[in-house]
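Dear colleague,

I am handing over the structure below, together with some notes on what turned up when I went through it. Please read them with the structure open beside you.

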Amino acid sequence: MLVKRRVREGEGEEMIRLEDVKMHFTVRKGLFKTTTMKAVDGVSLKIGKGEILALVGESGSGKTTLGRLTLRLLQPTSGRILFENQDITNLHEAKLKMFRGRVQAVFQDPYSSIDPFMNIYQIVEEPLVIHRIGDEKERREHVYKTLEDVRLTPPQDYAEKYPHMLSGGQRQRVGIARALVLNPEYIMADEPVSMIDASSRVEILQLLKRLQETHNIAFLYITHDIATARYFSDRVSVMYRGRVVESGPSEKVIEKPLHSYTKQLIAAVPEPDPSNRFRERSVVETGSFDEDDADLVEVEPDHFVAGFKK
Ligand SMILES: Nc1ncnc2c1ncn2[C@@H]1O[C@H](COP(=O)(O)OP(=O)(O)OP(=O)(O)O)[C@@H](O)[C@H]1O
Ligand SMILES: [Mg+2]
């Protein structure tokens, strides 16, 4: 393999950890006034090596900002960001170079991350060139192999094409190939299928899941779509107004949601079988909430809910 990963022992080890991270933006309001936008307001979470965490929540809840923080594309207002237990909160760009080669992003709109004037080969090769990996021949082999990995086959048919010549789904495969070519250990995927037509969505998610499994990549999967979160992720964290209000194993959070906000999110998903629509999904009915209390309480093993009182 052209891009070797550092040896990684076993799962259960930590990839990314956020500790009480806040990201407050100062926003101009009128000519002289400014206000503070608390996009992320005290979030702690961790993603294990090879683990998929889904981040769900309504528009504006802070998901993208949190995703960018995990990649240290933003420097938080306060709190700590750790990558493999190393504090990277305040590292300068020069010192982040090693980290930049080991983490990647896939965005909603592949056009935002790929240059429309480069052909597919150049787009996928570019990260290798930037990180000065391999000679021309080695790079060619690796780029072709990566195009095969994302099922753009035979790769020769795609190498010379330009992004506008591809379908939305194919373009997102190029975005994924570009993210994959450096053999990353962590990928932040921000709504990777929401702009793709419904018929290709499942295929792209299956592709991501297969790549995640074969390459043992840790994933942050940001989505509005609870159904795909259930399918795709090991764990789910639910964001509401810059905070995590519930987190735990996907089947627990989605099938037995405890926080009222999670229940609302799930109730908003159309139920294919109408007789199930009013099914009681909650198990713990003995608890109550303090909606203003942001502290996460472990209600059952590994299932955390904000402001829960037994
Ligand atoms: N650079 C910035 N400057 C000022 N405010 C910002 C900035 N980035 C994000 N925000 C604000 O922070 C809040 C959270 O934004 P964010 O994009 O993280 O939400 P989101 O959950 O990803 O929403 P969506 O589901 O629509 O993508 C929003 O109110 C947004 O306007
Ligand atoms: Mg977003």
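In β8, the residue that bridges to Asp 190 is Ile 222, and this pair belongs to the parallel pairing of β7 with strand β8 (residues 218–223), which extends over 5 bridges. Between these two strands the chain passes through helix α8 (residues 198–215), and the resulting β-α-β crossover is right-handed. Please keep in mind throughout that this is a predicted model.

β7 also pairs with strand β6 (residues 103–106), to which 4 bridges join it, and these two strands likewise run parallel; here the bridge partner of Gln 104 is Ile 187 in β7.

How much of β7 is buried? Of the 5 residues in this strand, which spans 186–190, 5 are buried, and the covering applies to both faces, with Tyr 186, Met 188 and Asp 190 buried on one side and Ile 187 and Ala 189 buried on the other. In a regular strand, side chains alternate between the two faces of the sheet.

Two residues of β7 return when one looks at the largest nonpolar core, which has 76 residues: Ile 187 and Ala 189 are among those that touch the most other members, a group that also includes Ala 54, Ala 177, Leu 220, Tyr 221 and Val 238. Leaving aside residues up to four places away in sequence, Tyr 221 touches Ile 52, Ala 54, Ala 189, Ala 229, Phe 232 and Ser 233. As a general background, nonpolar side chains in soluble globular proteins tend to be buried together.

A separate point concerns an open sheet of 4 strands, whose order is β2-β1-β4-β5 and whose pairing is antiparallel. Because β2 and β5 (86–87) stand at the edges with a single partner strand each, one side of each is left without a neighbour in the sheet. Within this sheet, β1 and β2 pair over 13 bridges in the antiparallel sense, and one of the bridged pairs is Val 21 with Val 43, the latter in β2.

β1 (14–29) and β2 (33–48) also take part in the surroundings of ligand 1, since these two strands and α1 (63–70) each supply at least two residues of its shell. The largest share, 3 residues, comes from α1. By class, the shell has 4 nonpolar, 7 polar and 1 charged residues, and among its members are Phe 25, Val 27, Met 37, Ala 39, Lys 63 and Thr 64.

With best regards

Definitions and conventions: Residues are numbered from 1 along each chain as its sequence is written. Chains are lettered from A and ligands numbered from 1 in the order in which they are written. This is a predicted model: local features need pLDDT of at least 70, side-chain atom pairs count only at pLDDT 80 or more; totals for chains, interfaces and linings use all residues. A residue is near a molecule or strand if its C-beta atom, placed from the backbone, lies within 6 Å of it. Ala, Val, Leu, Ile, Met, Phe, Trp, Tyr, Cys and Pro count as nonpolar, Asp, Glu, Lys and Arg as charged, and the others, Gly among them, as polar. A residue is buried if 20 or more other C-beta atoms lie within 10 Å of its own, exposed if 12 or fewer, and partly exposed in between; C-beta atoms are placed from the backbone. Two strands pair if DSSP finds at least two bridges between them. A crossover is right-handed if, with the strands pointing away from the viewer, the path from the first strand over the helix to the second runs clockwise. A nonpolar core is a set of buried Ala, Val, Leu, Ile, Met, Phe, Trp, Tyr and Cys residues joined through C-beta atoms within 7 Å. Two residues are in contact if their C-beta atoms, placed from the backbone, lie within 7 Å.
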